[in-house]
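Colleague: Before we start, I want the reasoning behind each label. Show me the model and take me through it.

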Amino acid sequence: MLDIGLPASPEQFAAATWDDIAPYYDRLAAAPLEREDVEGWMASWSRLEELVGEAGTLAMTAYTGNTADVVSEAAYLRFSTEIFPLMEERQAGLARRLLETGWSRPDVEVMLQQFRVNVELFREENVPLFSELEGLDAGYQKLTGGLWVEWEGERKTIPQLQPFLKSPDRAVRERAFRLGMEAYLAERAPLADLFDRMYGLRQRIAANAGFPNYEQYTFAAKHRFDYTPADVAGFHDAVEQAVVPAVGRILEHRRAQLGLDTLRPWDLGVDPAGAAALQPFTTVDEFVGGARRIFASVDRELGDQFRTMADEGLLDLESRGGKAPGGYCTTLPFRGRPFVFMNAVGVPDDVNTLVHEAGHCFHAFLAHRQPYLWQRGTGSEAAELASMSMEMLAMPHLQAPAGYYADEDVRRAWIEHLEDVLMALPHIASVDAFQSWIYTSGEGHDRDARDRAWLAIRQRFEPHVDWSDLDQERVARWYRQLHIFQYPFYYIEYGIAQLGALQVWRNSMADYTSTINSYKTALALGGTRPLPEIYRAAGATLVFDAATMAELVDLVERRIEQLREPVGG
Ligand SMILES: [Zn+2]
């Protein structure tokens, strides 16, 4: 390793400002760099990024764990708004130097390809446009985070309406649904203004970088080297052909069970058998204890990794005052440890979330074996394969005594999960098809055209729900989809990964142990191989075609039907 005087641990960067960090980049930039120096130079650069990255991550976990703590808030903001953006600029310069040496070896080819694209896409004139977009992101959060409705004399946020959407009383569900959508509709003009500006900035960024539109720019910027916009359009068609009819059958079953003439959008959340909600656990100790046993039954090595997280205080799971909302899995890149944050309250979604995030954690543990930081990360297609496959692989172990559920409940949890898997795919296709339309149709700047296009796309992918007289409410749905505003084109990855996870699940029913071993092999590759090879290592392929999709959908439907049969019947 090249000696640039790095500190021994991230704690020494905890209070750092950019002035404390810049000298290390200066030393890397000034160090002689011939091909034979590269590995030592790369090791130092990677270590520097690990140290600063971990210091910033620790600031974030401290802040989200207690948003009232002004010291960690200041540290978090210093890293996220000052240090990290400046690091990105320096990274581009160092990557350019590295590429000029012509150095390569098999395990860094993907990393170098990504560096090359980053350097090619970089435009000085886009830097201020990106920071303008960042500012607009905050505007979206502000507009939507502040929404509230009045519910029986009480002020409630939109997420707080969730339990009422599951009420057995249809009138209550309808009222909660309408109130939630009306809150967004009331902000339609400012949200459309905001989106107009985002649209304009994104198309300019693409044009500055030499692309005809923002979709094509995004495929390059997101390093989608292994599939094209045409493949994704094929994915949309395949969902329409193979998934939408299956969702129709699930919804028909639900409609009959509920004894309704048609399913309105507020009839989708209630338990169709009228059963009370599942209660997997009551205390966080039970929650963690169950998870320890579940992952130990999945695999000894993965079980040990989860135990390490519990023992080392890397799980912040319980909901408590002052915590930020939501959940995430992040990585402490220096220690090679993941960290899970969530707000568990004892509902089945908490179990799903923890199992999902644990898949990301196992990925972080296994990929940490790769020498350089940039070799460990993957795109979301591979990252979500790790987490969504774990949702399927852990399912057989959710049963008591190791897991949380009695026999009958585990059947219900399975059915709910499998139905969610199928119902998510048309939603994913519509969100992605809509964004493709926005940036390629030439009409994406027109707010009324956008709303009309959404309605048409939605009808294509969601024909089985009765939305009559609810066009405006249906339009409101896209304004609620924060990805369209804040993470453009980040959605199809979930669909690709879900179809990968279904293949992993299929393999596991034939041979569980060898499927787990392939899963671990794929995760340990980190980002060192092209995406199709990572999938192949896990025992899966990238699916864009209707025939393969139909086989997987059929498997899910048959399993749902089996699970519906009463025990002993
Ligand atoms: Zn995830």
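Colleague: Why is Glu50 called buried?

Modeller: The model is predicted, so every value here is computed from it. Glu50 has a relative accessibility of 5%. The cut-off for buried is under 20%. Glu50 therefore counts as buried.

Colleague: Where is Glu50 found, and which residues does Glu50 touch?

Modeller: Glu50 sits in helix H2. Leaving out residues up to four places away in sequence, Glu50 touches Pro333, Phe334, Leu373 and Arg376. Contact here means heavy atoms within 4.5 Å.

Colleague: What makes Glu54 and Arg335 a salt bridge?

Modeller: Their side chains meet at 3.3 Å, N to O. The limit is 4 Å between a side-chain nitrogen of Lys or Arg and a carboxyl oxygen of Asp or Glu, so the pair qualifies. Glu54 lies in helix H2, and Arg335 lies in the loop between strand S4 (328–332) and strand S5 (337–344), so the bridge ties together parts 281 residues apart in sequence.

Colleague: Are the partners buried or exposed?

Modeller: Glu54 is buried, with a relative accessible area of 1%. Arg335 has 39% relative accessibility and counts as partly exposed, because that class runs between 20% and 50%.

Colleague: How many salt bridges does the structure hold?

Modeller: The structure holds 42. Another of them joins Glu557 and Arg249 at 2.8 Å, N to O. Glu557 belongs to helix H23 (residues 546–564) and Arg249 to helix H10 (residues 229–258), so this pair ties together parts 308 residues apart in sequence. Glu557 is buried at 11% relative accessibility, whereas Arg249 is partly exposed at 46%.

Colleague: What about Arg474 and Glu462?

Modeller: Their side chains meet in a salt bridge at 3.1 Å, N to O. Arg474 is in helix H18 (residues 471–480), and Glu462 is in the loop between helix H17 (447–461) and H18, 12 residues apart. Both Arg474 and Glu462 are buried. Elsewhere, salt bridges with shared partners join Asp193, Asp196, Arg447 and Arg450 into one network.

Colleague: Which atoms coordinate the zinc ion?

Modeller: The donors are NE2 of His356, NE2 of His360 and two OE atoms of Glu384, at 2.1 to 2.5 Å. The donor cut-off for this metal is 2.8 Å, so these atoms count. Along the chain the donors follow the spacing H-x3-H-x23-E. His356 is in helix H13 (residues 348–367) and Glu384 in helix H15 (residues 380–394), 28 residues apart.

Colleague: Why is the arrangement around the zinc ion called irregular?

Modeller: The 4 donor atoms subtend angles of 53 to 140°. A tetrahedral site needs all angles between 85 and 135 degrees. The angles around the zinc ion fall outside that window, so the arrangement is irregular.

Colleague: How do you know that His356 and Glu384 are buried?

Modeller: His356 is at 14% relative accessibility, and Glu384 has a relative accessible area of 6%. The threshold is under 20%, so His356 and Glu384 count as buried.

Colleague: What span does helix H4 reach?

Modeller: Helix H4 (residues 109–121) has 13 residues and reaches 18 Å from its first C-alpha to its last. That is close to the 18 Å expected at 1.5 Å a residue.

Colleague: What do the buried residues of H4 pack against?

Modeller: They pack against helix H2 (38–65), helix H3 (70–101), helix H9 (214–221) and helix H14 (373–376). Among the buried residues of H4 are Val110, Leu112 and Phe115.

Terms used:
Residues numbered from 1 in each chain as written. Predicted model: local features only at pLDDT ≥ 70, side-chain atom pairs only at ≥ 80, totals over all residues. Heavy atoms only, no water. Helix = DSSP H or I, 4+ residues; strand = E, 2+ residues; numbered from the N terminus. Expected span 1.5 Å × (residues − 1). Buried < 20%, exposed > 50% of the residue type's maximum accessible area, 1.4 Å probe, protein only. Donors = N, O, S within 2.8 Å, 3.2 Å for Na, K, Ca; no water. Tetrahedral: all angles 85-135°; square planar, octahedral: opposite > 155°, others 65-115°.
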